[in-house]
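I opened a new notebook page for this structure. I will jot down what I look up, one topic at a time.

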Amino acid sequence: MKKSKIIYLIKGLLVVFCIGSCDEGFDEMNTNPVRLTSLDPTFQLNQAIISSSPGYNNLTYETTIVKQMITPFQGVGTGGNLNQDNRSATQGNWQTGYRTIVKNLIDGLESLGETPERTNLYNIMRIWKAHAFMMLTDTYGDIPYSEAGLGYISGNVFPKYDSQEAIYTSILNDLEMAVQGLDETKDPINQEILYSGNIGQWKRLGNSLLLRAAMRMVKVAPATASEYALKAVNGGLMQSNEDNAVVRHNADYRNNVGTNLNGGQAPFYYLDEDFVNFLQSNNDPRLASIAVRYVGALSGGEQVEANANRSPEIQIGMPQGYDNTTIIPVAEAAGLASLFSYSQLDRTRLGNPEAPNFLVTYSQTLLLHAEAAARGWVPGDAEQLYHDGIRAHMEQMAFWPNDTEIEQEAIDAYIESHPLETGKELELINTQYWVSSFLIGPETWANFRRSGYPLVNPNPYPGSDLQNEDFIRRLTYPDSELTVNKENVDQATSRMGPDVLDTRVWWDVK
């Protein structure tokens, strides 16, 4: 046999040997022993909860639309302050909602579907999914829902858009079924960050969200709204501020709004004139916990503690309708040293980087219960619930850092001087909802559109993109959706109306 043939024969035998034996232990040898191969859906739930905190774009649109805060500066802050369609900002809720919140929830629910023994976690994730999709559909109208979050699961990267009416029908059903499915005798979920696995609190949150969803529909489906409001009340709502759905922050995990207001955006945002005037005219003790005015400040650099004054009577809110040039003579006419001397959200307290983010509160729930009772839909004393809602928010102020607690005597005096007047129930209740939802921009704006209260003047800025409405009714879809998912976007706008700030969502009717 020739030498070359012998060499090839040896090589062939080595190959056969390796195929038969060299792959033994190969997978183990090439697997990273510390890399995750599976993920407990509890941590996906936690990520979804944390990411639900309103971000910096909350200041650009929602809190400005409802006339609680305002910036006169253009550029990245352009939005509700000028009634303009700044698509780099309108996409904020969408990007966070779908890329983080929805993706984690849908993936977690998919994996839990194969583990029926974890029914509590499954139903808790359904409750938070309802919260997430309410925020998204209330912001944009028709959105991906039934096919959302399936990119990694089924490869569907072009999800259809569901109508908001269909989404709300599903949300009501999901919340009702999820609450009924929770069972304290079943799987504990001690690592979840909202209630540390307290099933009773999750049930109360689910019912409180059910009431919120039902009340959205008061104008478009009052029979359904009253039916589900009664189910929510009978099921058991939040009982105290201990039931608040709140994301807590510390030095390691900071409040996104607070970090911006204590960083480069510090001199750009101010309390709105309508908000400050309302609190002042009603002798509302919350103003002392919310506001600060840097008296005499000529620039952002002079907004320092030496110039700080937190006395309610000297606070001056900034009017809307101006930019940083046209506001100058207005500030001078008001006797201010400059625009930098208008009242601001106190960056050391509610605007602190370690301040909590409240998402669903006892106060909001009491006020919605009060409205449902005033409409005759549910049992309860509307005036007592109204007063309890005010008290709950004033007591909630103590949860923020650095001396924000309101004394009980001041709370009692305010409540005594603010009865629920006959014939004005809806206005008074929802105006208090406006105050109690301060800094929860998506919810404040949704209830403002839904109820029509408070009665505030629209932003008169002359460069508005609004064509037919006095206030922004929805935010526009991201440019990325118009590029990659245009066919489904077009189907949505053919039902809903054009992709502009004027278009009203399904439940927002005149």
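**Helix α23.** I began with a pair inside one helix. D490 and K486 sit four residues apart in helix α23, so about one helical turn separates them. I checked the side chains and found a salt bridge between D490 and K486, with the closest N and O atoms 2.8 Å apart. D490 is partly exposed, at a relative accessible area of 37%. K486 is partly exposed too, at 47%. I note here that the model is predicted.

**A network.** Next I looked for salt bridges that share partners. Such bridges join D85, R87, R474, D479 and D499 into one network. I then searched the whole structure and got 26 salt bridges.

**R87 and D499.** I picked out one pair from the network. R87 bridges to D499, and their closest N and O atoms are 3.0 Å apart. This pair ties together distant parts of the chain: R87 belongs to helix α6 (residues 87–90), D499 to the segment after α23 (486–496), and their positions lie 412 residues apart. D499 has a relative accessible area of 14%, so I list it as buried, the cut-off being under 20%.

**D138 and R216.** Here I looked up another salt bridge. The closest N and O atoms of D138 and R216 are 2.9 Å apart. The pair also links distant parts of the chain, with D138 in helix α8 (residues 119–140) and R216 in helix α11 (residues 199–216), 78 residues apart. Is D138 buried or exposed? D138 is buried, with a relative accessible area of 3%. R216 is buried as well, at 2%.

**The whole chain.** I stepped back for totals. I count 23 helices and nine strands. The C-alpha trace spans about 110 × 55 × 50 Å along its principal axes. The chain has 510 residues, and 56% of them count as buried. Among contacts with a separation of 6 or more, 75% join residues 24 or more positions apart. The exposed area is about 21,600 Å², and carbon and sulfur atoms supply 51% of it.

**Charge.** I tallied 38 positive and 62 negative side chains. The centres of the two sets lie 8 Å apart. Which residues gather in a patch of negative charge on the surface? They are E395, D403, E405, E407 and E409. I looked closer at E407, which is in the loop between α18 (382–396) and α19 (408–416). E407 counts as exposed because its relative accessibility is 58% and the cut-off is over 50%.

**Backbone oddities.** N402 is in the loop between α18 and α19. N402 is not a glycine, yet its phi is positive, about 70°. At 47% relative accessibility, N402 is partly exposed. K67 also has a positive phi without being a glycine, here about 65°. I found K67 in the loop between α5 (62–65) and β1 (69–70). K67 is buried, at 6%. Then I checked the peptide bond from Y453 to P454: it is cis, with omega near 5°. P454 is in the loop between α21 (441–451) and α22 (479–484).

**D346.** My last stop was the loop between β8 (343–345) and β9 (357–360), where D346 is placed. D346 is buried, with a relative accessible area of 0%. What is D346 in contact with, leaving aside neighbours within four places in sequence? I list I290, A291, V292, R310, G351 and N352. I also took the C-alpha separation of D346 and A288, which is 9.8 Å for residues 58 apart along the chain.

Conventions: Residues are numbered from 1 along each chain as its sequence is written. This is a predicted model: local features need pLDDT of at least 70, side-chain atom pairs count only at pLDDT 80 or more; totals for chains, interfaces and linings use all residues. Side-chain values use heavy atoms; hydrogens and water are left out. Patches are made of residues with over 30% relative accessible area and no salt bridge: like charges are joined within 9 Å, nonpolar side chains (Val, Leu, Ile, Met, Phe, Trp, Tyr) within 5 Å. Accessible areas come from the Shrake-Rupley method with a 1.4 Å probe; for residues, only the protein chains shown count as cover. A salt bridge is a side-chain nitrogen of Lys or Arg within 4 Å of a carboxyl oxygen of Asp or Glu. Lys and Arg count as positive and Asp and Glu as negative; His and the chain ends are not counted. The place of a charge is taken as NZ of Lys, CZ of Arg, CG of Asp or CD of Glu. Helices (H or I, at least four residues) and strands (E, at least two) are DSSP runs, numbered from the N terminus. Buried means under 20% relative accessible area, exposed over 50%, partly exposed in between (1.4 Å probe, protein chains only). Contact means heavy atoms within 4.5 Å.
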